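Me: Please look at the structure below with me. I should like to ask how some of the terms used for it are justified.

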Amino acid sequence: MVEQQYGTTMAKTFPPPSINVWRHRHILDVNDFTIDEFTLIFDITDAMAEILTRDVKKVPTLRGRTIVNMFYEASTRTRSSFELAAKNLSADTINIDASKSSVVKGESLINNLLTLQALGAEIIVMRHSMAGAPYLAARQVNISIVNAGDGAHAHPSQALLDLYTMQKHLGDMKDKKVVIIGDILHSRVARSNIWALSTIGARITLCGPPTLMPPGIADFISFNNLTSVNVELNLNKAVRDADVLMPLRLQKERQQSGLLPTIREYVKLYQLNSSRVSMAKDNVMVMHPGPINEDIEISSEVAHGVQSVIEEQVTNGIALRMAIFYLIAGGRTNYGA
Ligand code: CP
């Protein structure tokens with residue numbers, strides 16, 4: 001049945017025999033993903049990307065299933081691409097903007113979730129300003145929860161699409177050097193990328209002002225035995241021989257007063273500009289999870305230059321999120337965990 005949906009050319013290979021390695025009912029972070037699970041989700045993303053090349057970008061895999069996008073924080077790309085992914089798989093989708101929901105009348109998160117469960121939701125994609133909110137949700141309702149970003153904690157679908165995009169350009173990421181730059185302290189993208197990249201054997205350099213490095217980062221690295229992660233505060237040194245440069249948005253809305261003397265100084269010391277890109281490898285990839293503060297953490301020239309894959313990241317996010325839905329709702333239902 002599933003093979004028929006993907007056409008005869010896919011019939012022999014889809015779903016991949018390795019589908020049985022998948023253990024997740026929820027996607028809360030990527031810290032517990034195995035290499036085999038990364039490989040599986042990227043194989044399925046390839047199949048989903050093929051669907052997106054067709055005139056009719058829709059398959060009936062999740063017909064009759066209900067997916068709710070529940071966003072308690074602003075989002076453009078994550079929300080839109082989860083919605084497109086659900087629609088491409090023929091799911092019924094409901095978008096809930098927390099500012100227009102019963103939350104504003106005082107309804108608790110848990111009662112909000114129980115209401116959506118009673119309405120027939122089978123997957124809830126959830127963004128919340130509080131770290132851990134999706135974990136609480138996963139314990140309270142009998143529905144799959146996909147974390148679309150929780151506070152400064154995790155953004156698993158972003159890390160997955162980032163890694164997928166890197167592998168498309170660079171192949172095996174083992175020993176490749178990825179430099180994550182800027183506001184590491186507030187970045188859920190950085191945290192999820194550290195887990196994903198460490199698992200597949202990439203080398204990670206975290207670079208930013210000391211005030212935007214998480215306190216205790218050295219203890220975190222040694223406690224988790226993340227031997228491939230290091231911290232370099234000087235950006236001119238950090239970019240040398242890099243395969244991937246990933247500046248992060250300077251999160252003005254999360255800044256506590258006093259973390260940065262001035263934006264001008266930040267730009268001078270930490271902006272990814274052409275001169276710094278030229279110190280990396282010739283074929284370096286420039287990535288950014290978005291949204292971008294153009295000419296603050298990244299110069300316009302670099303953001304739109306030939307080495308930038310920023311728009312490709314966004315495009316890959318649709319197929320990747322289709323793969324997430326396929327695996328947690330359509331691929332198999334007898335989860336091992
Ligand atoms: N990368 C990311 O989470 O972007 P949005 O806030 O636009 O969803």
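Me: What makes the space taken by the ligand a pocket?
Reply: The ligand takes up the largest pocket. On a 1 Å grid over the protein atoms alone, a pocket is an open set of points with protein on both sides within 12 Å along at least five of seven lines. A molecule sits in it if more than half of its atoms lie within 2 Å of its grid points. This is a predicted model, in which local features need pLDDT of at least 70, side-chain atom pairs count only at pLDDT 80 or more, and totals for chains, interfaces and linings use all residues. Residues are numbered from 1 along each chain as its sequence is written, and side-chain values use heavy atoms, without hydrogens and water.

Me: Why is the ligand said to lie between domain 1 and domain 2?
Reply: Domain 1 (2-151 + 315-328) and domain 2 (156-306) both supply residues to the shell, so the ligand lies between them. The bounds come from an automatic or database domain assignment.

Me: Which polar side-chain contact does Gln158 make with the ligand?
Reply: A polar side-chain atom of Gln158 is 3.0 Å from a ligand nitrogen atom; a polar contact is a pair of N or O atoms within 3.5 Å. A polar backbone atom of Thr76 lies 2.9 Å from a ligand oxygen atom, and one of Pro289 lies 2.8 Å from a ligand nitrogen atom.

Definitions and conventions
A polar contact is a pair of N or O atoms within 3.5 Å; within protein, one must be able to donate a hydrogen and the other to accept it, and residues adjacent in sequence count only if both atoms are side-chain atoms. On a 1 Å grid over the protein atoms alone, a cavity is a set of points where a 1.4 Å probe fits but cannot get out, and a pocket is an open set with protein on both sides within 12 Å along at least five of seven lines; lining residues have an atom within 4 Å of a point.
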